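The questions and answers that follow concern the structure shown below. They proceed from charged pairs to overall architecture, a pocket and individual residues.

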Amino acid sequence: MTVESTAARSTPRRSGAGGKRDAKRTASAPGDAESTTGTAAKASKPAKTAKTAKRSKPARTAGTAKAAKSAKPRAGGPAANGSAGTELVQLLTPEGERVGHPDYDVDLTAEELRGLYRDMVLTRRFDSEATSLQRQGELGLWASLLGQEAAQIGSGRALRDDDYVFPTYREHGVAWCRGVDPTKLLGMFRGVNNGGWDPASNNFHLYTIVIGSQTLHATGYAMGVNLDSADSAVIAYFGDGASSQGDVAEAFTFAAVYNAPVVFFCQNNQWAISEPAERQSRVPLYQRAAGFGFPGVRVDGNDVLACLAVTRAAVERARSGQGPMLVEAFTYRMGAHTTSDDPTRYRRDEERVEWEAKDPIARLRAYLERSGQADDAFFASIEEESDAMGKHVREAIRTMPDPDTMAIFENVYADGHALVDEERAQFAEYLASFADPVDSADSAGEGR
């Protein structure tokens, strides 16, 4: 099942075939370091030196989560109640009221707004079906995006067809925007393939399980875009936990030095498995960009309009030759990190309740209803389409064929290899050992 974009897009130009990048353009786009970097960093305490390290307390583990709940946020970081401070870019309040912003804005038609609502509702339904299927033993694992729909749909709809996406393993909404059949996302989690779709068909790379490594891939690809003199952009998705990985720092360094046309989109859902974001950084994550020499901005990750506006500005900035940019979408993981996780062991129920009031789908619906841009018939039609999607996903997963068990040995070497041939024979013998003895005896009798 695929869907065409309902938000406005620029005329696509394929990578490698676009016009040359305007190297002379030096004007700063909205979101440059001076305009987006707040003063919170100044208030943060200096890092402990080796001399004072002995007095620092060890990091709390999941076993001491009870004590961690009462920990105060670090200076410059998000407040304990989930607020992100005054530097947050927001166009739609949690109550569904439209507000303006001096640097970022969008002017969408009623049809485009309804399209964004539809995208989020259907993405959430697909995600909930996948979670249920995992609980029923149909999937080995699932990483839910519940609560992060606005960050993914807003940023996904800001891209052109010739832009290239490097996701993690949770970007189901971005995949939807890129036209990837949702059921193809399930194959890897069911164990029947190693990806399920052709990245070149939708400019959407395969899911990356290794934390943070895709930022390096995105930077390298963006450096290639520069060499091709193309005007497309690259976007890399990662989480707040991945921001602590060395791969991300290395990607930032190379992207800045080579002025690569890449947008680093961090979905700060505030919990890297069981560690809160305040233990990932002494300052808001978006402020890290300034240290590498490019701008960063923090956006309300539950506001689909703000995510669309900020990402659109960031990719346009990249396309025009002004280099990388970091977007921190301040959101919240409403569910578990994956279906193997139990978030009740390390975070308060009251915290989730606070964020439920900021639900991205509810706030856009409130705005559509208040502004008269959608009626009951529209919302009923979306619910009906959502039910149809749920049925389609359940049928697709249960009829998904098992993989060819010997396929792993194919396409390893172009001309074959003696060791691979030996391993293939050993594996075939191993599989044959599971054959039913009765069936084997019948087969032997038929041979006589």
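A salt bridge is taken here as a side-chain nitrogen of Lys or Arg within 4 Å of a carboxyl oxygen of Asp or Glu. This is a predicted model, in which local features need pLDDT of at least 70 and side-chain atom pairs count only at pLDDT 80 or more, whereas totals for chains, interfaces and linings use all residues. Residues are numbered from 1 along each chain as its sequence is written, and side-chain values use heavy atoms, with hydrogens and water left out.

Q: How far apart are the closest N and O atoms in the salt bridge of Arg98 with Asp105?
A: Relative accessible area is classed as buried under 20%, exposed over 50% and partly exposed in between, using a 1.4 Å probe and protein chains only. On that scale Arg98 is partly exposed at 31%, and Asp105 is partly exposed at 46%. The closest N and O atoms of the two residues are separated by 2.9 Å.

Q: Which residue forms a salt bridge with Arg124, and how many residues apart in sequence are the parts that the pair ties together?
A: The partner of Arg124 is Asp359, with 2.9 Å between the closest N and O atoms. Helices (H or I, at least four residues) and strands (E, at least two) are DSSP runs numbered from the N terminus. Arg124 belongs to helix α4 (residues 110-135) and Asp359 to the loop between α13 (349-356) and α14 (360-371), so the salt bridge with Asp359 ties together parts whose separation in sequence is 235 residues.

Q: Is Asp359 buried or exposed?
A: Its salt-bridge partner Arg124 has 22% relative accessibility and counts as partly exposed. Asp359 has a relative accessible area of 15%, and therefore counts as buried.

Q: Which residue meets Arg348 in a salt bridge?
A: The N to O distance of this pair is 3.9 Å. Arg348 is partly exposed, at 27% relative accessibility, while its partner is buried, at 12%. That partner is Glu351.

Q: How many salt bridges are there by this rule?
A: Some salt bridges are linked in a network, which comprises Arg125, Glu129, Asp387 and Arg394. Under the stated rule, the salt bridges number 23.

Q: What percentage of the contacts in the protein chain with a separation of 6 or more is between residues 24 or more positions apart?
A: The chain has 17 helices and seven strands, and 48% of its 448 residues count as buried. A contact requires heavy atoms within 4.5 Å. Among contacts with a separation of 6 or more, the share from residues 24 or more positions apart is 78%.

Q: Which elements give two or more residues to the lining of the second largest pocket?
A: On a 1 Å grid over the protein atoms alone, a pocket is an open set of points where a 1.4 Å probe fits, with protein on both sides within 12 Å along at least five of seven lines; lining residues have an atom within 4 Å of a point. The second largest pocket is lined by 28 residues, and Tyr169, Arg170, Ile211, Gly239 and His337 lie nearest its centre. The elements giving two or more residues to this lining are β2 (234-239) and β4 (271-272).

Q: Where is Asn203 found?
A: Asn203 has a phi near 50°, a positive value in a residue other than glycine. Its relative accessibility is 6%, and Asn203 therefore counts as buried. The residue is found in the loop between α8 (199-202) and α9 (213-227).

Q: Where is Ser229 found?
A: Ser229 is not a glycine, yet its phi is positive at about 55°. At 24% relative accessibility, Ser229 is partly exposed. Its position is in the loop between α9 and β2.

Q: Which residues does Thr93 touch, not counting residues up to four places away in sequence?
A: Thr93 lies in the loop between α3 (65-68) and α4. With a relative accessible area of 10%, Thr93 is buried. Leaving aside residues up to four places away in sequence, Thr93 touches Val99 and Arg363.

Q: What distance separates the C-alpha atoms of Ile361 and Ala150?
A: Ile361 lies in helix α14 and is buried at 9% relative accessibility. Not counting residues up to four places away in sequence, Ile361 touches Tyr117, Met120, Val121 and Arg124. Ala150 is 211 residues from Ile361 along the chain, and their C-alpha atoms are separated by 7.6 Å.
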